[in-house]
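Got the viewer open? Here's a short tour, one selection at a time.

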Amino acid sequence: MSNKRILSGMRPTGKLHLGHYVGALENWIKLQNEYDSFHLIADYHVLTTGLKTDDIYNNSIEMVIDWLAAGLDPQKSPFFRQSQIKEHTELFLIFSMLVTKARLERNPTLKEQVRDLNIENIIYGHLGYPVLQSADILLYKGNFVPVGEDQVPHVEITREIARKFNTAFSEVFPEPEALLTKFARLPGLDGNAKMSKSLNNAILLSDEPETVQKKLRKAVTDPLKVRRNDPGRPEVCLVFTYHKKFNNKNLDEIESGCRSGELGCADCKAMCTGYINEFLAPIIEKRKYYENNLNDVTEILDAGEKRARIVAQSTMDDVRNSMKIG
Ligand code: TRP
């Protein structure tokens, strides 16, 4: 095990879906055996796009249950909420002095969000989203941050802030690197490039077999393959992408059957449903255990927050000493 640190984080949006698994969780689960890892629940970041706070706590709990069910081990790596460790806000304030408004306005991830959500006037805290994220990462002196493409600009800002701090005061922080998730995004059931709960095109990690079956039946396939014997193009079909991920038995057969037209979409989907349900079965079973033992979940969070707080406090001591503010 390397002594380098990983800081991974997600905003608590409630129950997770297969896209979260493929794009992040699967990687985190592997990395927890190779590095000292910290798993952050970015509950303050939720406020950047809305003030509806009623669901934040429950969404955090649902997300933690999925983390546990999928195989993240809280004994190995602490799980913690940003809001429960006040050092995040302290470091955020100091870091906000180390980056210009122009630099934050150039952030492509922000520009995309402003466009997608039709935001007319950006909130000050939303502009500062990557500054809070920098505090999340550097409070734990993270060396690597496993993220998807869209978060790379935030890791870049984190590196700049670390550099700025180290030159203005003294060497306290590492310059973290993004660890890009290998598997491309999982497409949504409607053919959208991204699986997302808000687009209503997702298979949840908690979906029961019948739900997966119903959802897949309605999934979009190659529009040129209308009837069973029509030849299909697996490379444009999202169901084939799911096969690539979850079917390790007869992928070649599916591909040639689709191309020749011998395999119809209904049969192909039924097989895909089977593979996905096989994958989900142990997750659903573990999930049920935690749903019935919510005390275990809150204890896991409590213990994780205690562990994380010790590291965060020690970093803030380094920061204050380095800045000579006692
Ligand atoms: N911005 C990340 C996302 O939306 C969530 C996040 C917050 C994060 N703080 C982090 C990710 C620190 C990695 C490290 O996915």
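How many salt bridges does the structure hold? This is a predicted model, and the structure holds 25 of them.

**Stop one: R287 and D66.** Select both and show side chains: they meet in a salt bridge, 2.8 Å from N to O. This pair ties together distant parts of the chain, with R287 in helix 12 (residues 265–292) and D66 in helix 2 (residues 56–70), 221 residues apart. R287 and D66 are both buried. Now add E62 and E291 to the selection, and you have a network of salt bridges linking E62, D66, R287 and E291.

**Stop two: K86 and E87.** Here's another salt bridge, 3.9 Å from N to O. K86 is exposed at 56% relative accessibility, whereas E87 is buried at 5%.

**Stop three: D302 and K306.** Jump to helix 13 (residues 294–323), where these two sit four residues apart, so about one helical turn separates them. Their side chains form a salt bridge at 3.5 Å, N to O. D302 is partly exposed, with a relative accessible area of 42%.

**Stop four: a charged patch.** Select E112, D116, E149 and D150, which form a negative surface patch. E112 belongs to helix 5 (residues 108–116) and is partly exposed at 39% relative accessibility.

**Last stop: N27.** Look in helix 1 (residues 18–31). Is N27 buried or exposed? It's buried, with a relative accessible area of 14%. Beyond its neighbours within four places in sequence, N27 is in contact with P146 and T181. For a sense of scale, put a distance label from N27 to A312: 24 Å between C-alphas, and 285 residues along the sequence.

Terms used: Residues are numbered from 1 along each chain as its sequence is written. This is a predicted model: local features need pLDDT of at least 70, side-chain atom pairs count only at pLDDT 80 or more; totals for chains, interfaces and linings use all residues. Side-chain values use heavy atoms; hydrogens and water are left out. Patches are made of residues with over 30% relative accessible area and no salt bridge: like charges are joined within 9 Å, nonpolar side chains (Val, Leu, Ile, Met, Phe, Trp, Tyr) within 5 Å. Accessible areas come from the Shrake-Rupley method with a 1.4 Å probe; for residues, only the protein chains shown count as cover. A salt bridge is a side-chain nitrogen of Lys or Arg within 4 Å of a carboxyl oxygen of Asp or Glu. Lys and Arg count as positive and Asp and Glu as negative; His and the chain ends are not counted. The place of a charge is taken as NZ of Lys, CZ of Arg, CG of Asp or CD of Glu. Buried means under 20% relative accessible area, exposed over 50%, partly exposed in between (1.4 Å probe, protein chains only). Contact means heavy atoms within 4.5 Å.
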